[in-house]
Amino acid sequence: MTIKNMIKAGLMCCGFAVALTSCSNDTEAFYTVSEDDAPRILNDDLKSSYDISRDENFTMKILVTPVEYTTVRWYDGDVLLYEGNNIDRTFEAGSYKVKIVATTVNGKETYRSFNLTVKAVEGDPVVGNDAEARLQSPGDAVAMSGTNLSNIRKVRINGREIDVLSATSTSIQYQLPADMPEGQYRISLIDETGQSFGGGMVTVYGEAIVTKGDFMGQSEGTVTIPGRKLGDVQSVTVNGLECSIVSVSDEEVVVTLPVLEEGVYDIKVITTSGVALKFLQDGAVVDNATIKVSTIAEEILWEGSHSVDWETIFEDNALALKLKEIAKPRAILRLYVKRTDSEYAKGCPAVNWADIVKGGRDGSRGDKDITFEDTYVDFKLTAKSMELLEENNFQVVGHGFDLKKITLIQPSEEELWSGSHAVDWDTAWNDDGSITEQLKQTAGPGSILRLYVKRTDSEYAMGCAAVDWADIVKGGRDGSRGDVQISFEDTEVEFKLTKKSMELLNSGKLQVVGHGFDLQKITIE
């Protein structure tokens with residue numbers, strides 16, 4: 001009995017029907033009878049992603065029908081990785097988009113695809129993910145930074161081996177051949193023994209280009225557009241509306257956005273010759289880019305690509321210093337993410353492995369689950385966050401996702417109390433404790449406590465936020481208390497909280513003291 005007939009007989013005996021998902025409708029019940037059949041991939045256990053180390057073999061067996069007339073090929077983009085039903089081989093470190101194509105002798109085909117992440121092992125040479133270094137022009141000198149690079153003697157790009165001109169433990173330099181075709185290629189690092197290590201993807205492109213594919217900005221705010229050879233840029237449009245150009249150089253164009261509602265819009269960059277520039281996004285050259293326009297300020301703190309796993313967390317002490325300088329309690333720290341693991345993905349910003357919101361560790365750390373639909377996850381900073389950042393060790397910890405961007409959204413003004421209370425020395429406004437507790441949890445040094453007021457006394461009006469009659473900023477009392485003069489034109493007065501403020505709030509309750517005005521609202525920003 002032939003293999004073909006054995007399959008047919010087995011199917012008939014078992015009443016077998018296979019339910020699978022693919023581009024070519026593999027869900028239909030079928031019997032294999034000849035080479036004229038459309039091919040089917042029978043595996044029902046394929047996952048969307050797999051993770052291995054570069055010293056492990058990746059093994060998989062693909063079941064196809066009609067088996068006697070079908071060839072199985074494995075591709076990474078346009079590159080053929082393997083031919084055959086049973087793959088059992090190692091891969092260099094990197095991320096692969098594997099496509100399994102089953103083709104019959106009559107040219108009919110079907111396919112399946114999945115992501116394969118191959119991790120470097122300890123001690124391997126590794127180059128960083130700097131987008132600028134990975135965009136390379138034919139003929140240009142290239143410098144790439146990383147770790148364990150001192151023994152690298154050649155790099156391989158598009159099948160060509162190129163001599164490394166200099167190598168240290170943290171960097172390599174080489175010159176890309178002038179006749180290197182444009183395209184996206186995998187780079188390999190070759191050491192003095194000839195062993196080859198994965199270096200990820202590089203893009204060869206010689207024309208003017210914008211080195212970013214997604215932007216953020218505020219309506220009527222400024223946006224910086226980075227790139228190469230941008231000196232001939234003449235106009236930038238968002239949603240078809242022209243932006244005001246602030247400055248143009250080879251490295252960047254700065255524009256002011258037009259009046260726009262919140263939303264995501266197309267952005268186009270046009271040269272003096274009318275050419276619409278392309279954009280670099282996730283290592284690929286693309287024709288279109290977008291900008292997310294918001295009415296709130298979302299400041300980009302870091303942008304790149306970092307694969308987060310329990311053993312490859314993201315760490316940046318300079319970012320911790322930046323957060324200490326500009327962040328306030330109640331600000332939103334936003335992580336832009338892309339889930340990569342099919343089994344689970346979760347994570348959070350942290351300081352020394354303690355979550356940045358409440359300081360929890362291990363089982364009580366505030367890791368958030370990340371779905372395949374999530375593009376970002378938010379964390380609202382607290383007074384505890386400010387304490388943790390003093391340790392200067394900002395991290396993003398977790399598993400199963402790529403970190404793409406970190407932004408900060410400063411807190412908007414939040415109402416704590418509203419009403420009408422006539423403030424005089426004998427009628428101070430006193431909190432019942434609920435607002436004080438809220439401030440202790442969500443405010444901190446740098447927060448703005450704002451009193452909305454209306455002057456009522458013609459002789460004088462003055463007052464301040466206080467705790468036990470000590471001003472909330474410096475703790476002064478009586479003659480040295482920080483009372484603010486209030487005019488008939490004033491509608492609000494502000495008090496910038498300090499470390500002393502938090503000490504006072506931990507020992508008493510919020511008051512508003514003074515004379516000659518009505519208190520109408522209290523807010524925190």
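## Getting your bearings

A residue counts as partly exposed when its relative accessible area lies between the buried range, under 20%, and the exposed range, over 50%. Take N158 as a starter: its relative accessibility is 37%, so it falls in the partly exposed class. We'll come back to N158 further down, along with its backbone angle.

Keep in mind that what you're looking at is a predicted model. Mean pLDDT for the protein is 89, and 94% of its residues reach 70 or more. Confidence peaks in strand β13 (residues 152-157), at a mean of 98, and is lowest in helix α1 (residues 3-14), at 41.

That helix belongs to a stretch to handle with care. Over residues 1-31 the pLDDT stays under 50, although the model does have 48 contacts beyond four places in sequence for them. Where pLDDT is low, the predicted coordinates should not be read in detail.

## A salt bridge across the chain

Side chains of opposite charge can pair when their charged atoms come close. The structure holds 30 salt bridges. One of them joins D124 and R54, whose closest N and O atoms sit 2.7 Å apart. This pair links distant parts of the chain, with the two positions 70 residues apart. D124 is in the loop between β9 (109-119) and β10 (126-127), while R54 is in the loop between β2 (49-53) and β3 (58-61).

Are the two partners buried or exposed? D124 has a relative accessible area of 5%, so it is buried. R54 comes out at 22%, so it is partly exposed.

## Salt bridges within helices

Now for a pair inside one helix. K440 forms a salt bridge with E437, with the closest N and O atoms 3.4 Å apart. Why are K440 and E437 separated by about one helical turn? Because they are three residues apart in helix α5 (residues 434-442). Both are partly exposed: K440 has a relative accessible area of 25%, and E437 has one of 37%.

Helix α6 (residues 499-505) offers another example, with K500 and E503 placed three residues apart, about one turn of the helix. Their side chains meet in a salt bridge at 3.9 Å, N to O. K500 is partly exposed at 35% relative accessibility, and E503 is partly exposed too, at 49%.

Salt bridges can also join up into a group here: E413, R450, E492, E494 and E525 are linked in a network of them.

## A five-stranded sheet

Strands of a sheet pair through backbone hydrogen bonds, either parallel or antiparallel. To trace an open sheet of five strands in the model, follow the order β19-β28-β25-β21-β22; the pairing is mixed. Which strands form the edges? Those are β19 (214-218) and β22 (241-242), each of which pairs on one side only.

Inside that order you can pick out β25 (residues 263-271) and β28 (residues 289-294), which run antiparallel and are joined by five bridges. If you'd like a spot to look at, find Y265: its bridge partner in β28 is I291.

## Backbone oddities

Most residues other than glycine have a negative phi, and most peptide bonds are trans. A few places here go the other way. The peptide bond from T65 to P66 is cis, with omega near 0 degrees. P66 itself is in the loop between β4 (64-65) and β5 (70-76).

Back to N158, then: its phi is positive, near 55 degrees, and it is not a glycine. You'll find N158 in the loop between β13 and β14 (160-167). N352 has a positive phi as well, near 50 degrees. N352 lies in the loop between β32 (346-351) and β33 (354-355), and its relative accessible area of 27% makes it partly exposed.

## Cysteines

A disulfide is a covalent bond between the sulfur atoms of two cysteines. How many disulfides does the model have? With a cut-off of 2.5 Å between cysteine sulfur atoms, the count comes to zero. Two cysteines are worth a glance anyway: C243 is buried, at 5% relative accessibility, and C464 is buried as well, with a relative accessible area of 0%.

How values were computed:
Residues are numbered from 1 along each chain as its sequence is written. This is a predicted model: local features need pLDDT of at least 70, side-chain atom pairs count only at pLDDT 80 or more; totals for chains, interfaces and linings use all residues. Side-chain values use heavy atoms; hydrogens and water are left out. pLDDT is the predictor's confidence in each residue, from 0 to 100. Helices (H or I, at least four residues) and strands (E, at least two) are DSSP runs, numbered from the N terminus. Contact means heavy atoms within 4.5 Å. A salt bridge is a side-chain nitrogen of Lys or Arg within 4 Å of a carboxyl oxygen of Asp or Glu. Buried means under 20% relative accessible area, exposed over 50%, partly exposed in between (1.4 Å probe, protein chains only). Two strands pair if DSSP finds at least two bridges between them.
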